[in-house]
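This report describes the fold of one protein chain for a reader who has not met it before. Please look over the sequence and the structure before reading on.

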Amino acid sequence: MNLTHVVYVHGLWMPGQESLILRQRLAHEFGLTLQVFRYSAASASMNNVTERLASLVRELQAPAVHFLGHSLGGLVIYQPPGRVVFLGTPCVASRVAQRASRFAPVAHLMGPSVAQELLQPHERRWVQARPLGIIAGSQPLGVGQLLADFAEENDGTVAVSETRMPGATDHIVLPVSPLGMLLSARVARQTGTFLTQGRFALRP
C-alpha cells in the first residue's frame with residue numbers, strides 16, 4: 001500500500017474538517033496518509049503561515065510529502081517540495097476578494113494573508129521541478145458570483161481563468177462548486193491519481 005504523506009491545507013475561513021470526505025476517499029482508494037494543516041489568514045501573514053507549514057513537514061519525518069490546497073490553501077503550498085494539487089485556487093488574483101475588500105467588516109476578516117496574495121494581481125509562474133496539478137470548477141454556486149458578476153466560466157467564487165498558472169503540469173475543469181470539490185468522487189479520483197502518478201487521468 002502506498003503510504004505517501006499528503007498535507008491538506010484549507011481555504012479562507014475553513015476549519016479543515018470540511019475535507020473529511022475527500023480525505024477518506026484518498027486514504028481508501030489511493031492509500032494516502034493525510035494530515036490537515038490549520039492556519040488563520042485573518043491573524044497571520046503568509047510568511048508566518050508557511051513557516052508553520054514547514055515546521056509541520058519537518059515533524060512528519062516522512063520520506064515524501066505532497067500537498068493538497070483548497071482555494072487560498074493552494075497559495076500556502078506554493079513553496080514546499082513534493083507534488084502539489086490546487087483545488088479552485090485563484091493563482092493570479094481574486095475578483096471576488098477584491099470586491100469584498102471594499103466592505104470594511106469583510107476586509108478585516110480577510111486578514112493579511114488574503115491582502116498579500118489575492119487583492120493585488122500576481123504574475124505567478126510554476127518554475128519548481130515538482131509537478132503541479134490544478135483542478136478548476138465550472139458549477140457557479142458560490143456566493144462570490146454576486147460580487148464579481150462573472151462573464152466567463154467559473155465556480156461562483158473563482159473564474160477558471162484565475163486558476164491557470166503558466167508552467168503547471170496539468171489543468172482540468174470539472175463541473176463542481178468550491179465546496180463541491182471536497183465532496184466530489186471525480187475530484188478525489190483525479191487528485192489521488194495526480195498525487196500518486198504526477199498527472200491527472202486522461203479522461204476526467
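Helix α1 (residues 20-30) lies across β1 (5-9), β2, β3 and β4, and its direction is at about 155° to that of β2. The model is a predicted one: local features need pLDDT of at least 70, side-chain atom pairs count only at pLDDT 80 or more, and totals for chains, interfaces and linings use all residues. Residues are numbered from 1 along each chain as its sequence is written, and side-chain values use heavy atoms, with hydrogens and water left out.

Helices (H or I, at least four residues) and strands (E, at least two) are DSSP runs, numbered from the N terminus. Axes are lines fitted to C-alpha atoms, for helices over the stretch in contact, and angles run from 0 to 180 degrees between N-to-C directions.

**The sheet**

Six strands form an open sheet in the order β2-β1-β3-β4-β5-β6, with parallel pairing. Its edge strands are β2 (33-37) and β6 (170-174), each of which pairs on one side only. On average, neighbouring strands of this sheet are turned by 20° against each other, direction ignored. Two strands count as paired if DSSP finds at least two bridges between them.

Strand β3 is joined to β4 by four bridges, and the two run parallel. Gly69 stands opposite Phe86 in β4. Four bridges also join β4 to β5, again in parallel, and the bridge partner of Val85 in β5 is Gly133. Strand β5 (residues 132-137) pairs with β6 in the parallel sense over five bridges; in β6, Val173 is the bridge partner of Ala136.

The side chains of β4 go two ways: Val84 and Phe86 point to one side, Val85 and Leu87 to the other, and all are buried. Buried means under 20% relative accessible area, exposed over 50%, and partly exposed in between (1.4 Å probe, protein chains only).

**Helices α1, α8 and α2**

In α1, the residues Leu22, Arg23, Leu26 and Phe30 are buried. They cover an arc of only 100° around the axis, so they sit on the same side of α1. The arc is that of the directions from the helix axis to the C-beta atoms. The cover over the buried residues of α1 includes β1, β2, β3, β4 and α8. After α1 comes Gly31, whose phi is positive, near 65°.

Helix α8 (residues 185-197) packs on the sheet and touches β1, β3, β4, β5 and β6, where contact means heavy atoms within 4.5 Å. The direction of α8 makes about 160° with that of β4. Gly198 lies in the segment after α8. Gly198 counts as buried because its relative accessibility is 9%. Leaving aside neighbours within four places in sequence, Gly198 is in contact with Arg83, Pro131, Thr169 and Thr193.

Helix α2 has 15 residues and reaches 21 Å from its first C-alpha to its last, close to the 21 Å expected at 1.5 Å a residue. That expected span is 1.5 Å times one less than the number of residues. Met46, Val49, Leu53 and Leu56 are buried in α2. Seen down the axis of α2, its buried residues fall within an arc of 85°, so they line one face of the helix. An α-helix has 3.6 residues a turn, so residues three or four places apart point the same way. On the other side of α2, the residues Asn47, Glu51, Arg58 and Glu59 are exposed.

**Three loop residues**

The table lists the place and the relative accessible area of three residues in loops.

| Residue | Loop | Relative accessible area |
|---|---|---|
| Gln61 | between α2 (46-60) and β3 (65-70) | 72%, exposed |
| Ser71 | between β3 and α3 (73-76) | 22%, partly exposed |
| Ser94 | between β4 (84-87) and α4 (95-100) | 5%, buried |

Gln61, just after α2, takes a positive phi of about 50°, although Gln61 is not a glycine. Ser71 is not a glycine either, and has a positive phi of about 55°.

What does the side chain of Ser94 lie 3.0 Å from? A polar atom of that side chain is 3.0 Å from the backbone nitrogen of Ala97. Not counting residues up to four places away in sequence, Ser94 touches Leu118 and Glu162.

Notes. A polar contact is a pair of N or O atoms within 3.5 Å; within protein, one must be able to donate a hydrogen and the other to accept it, and residues adjacent in sequence count only if both atoms are side-chain atoms.
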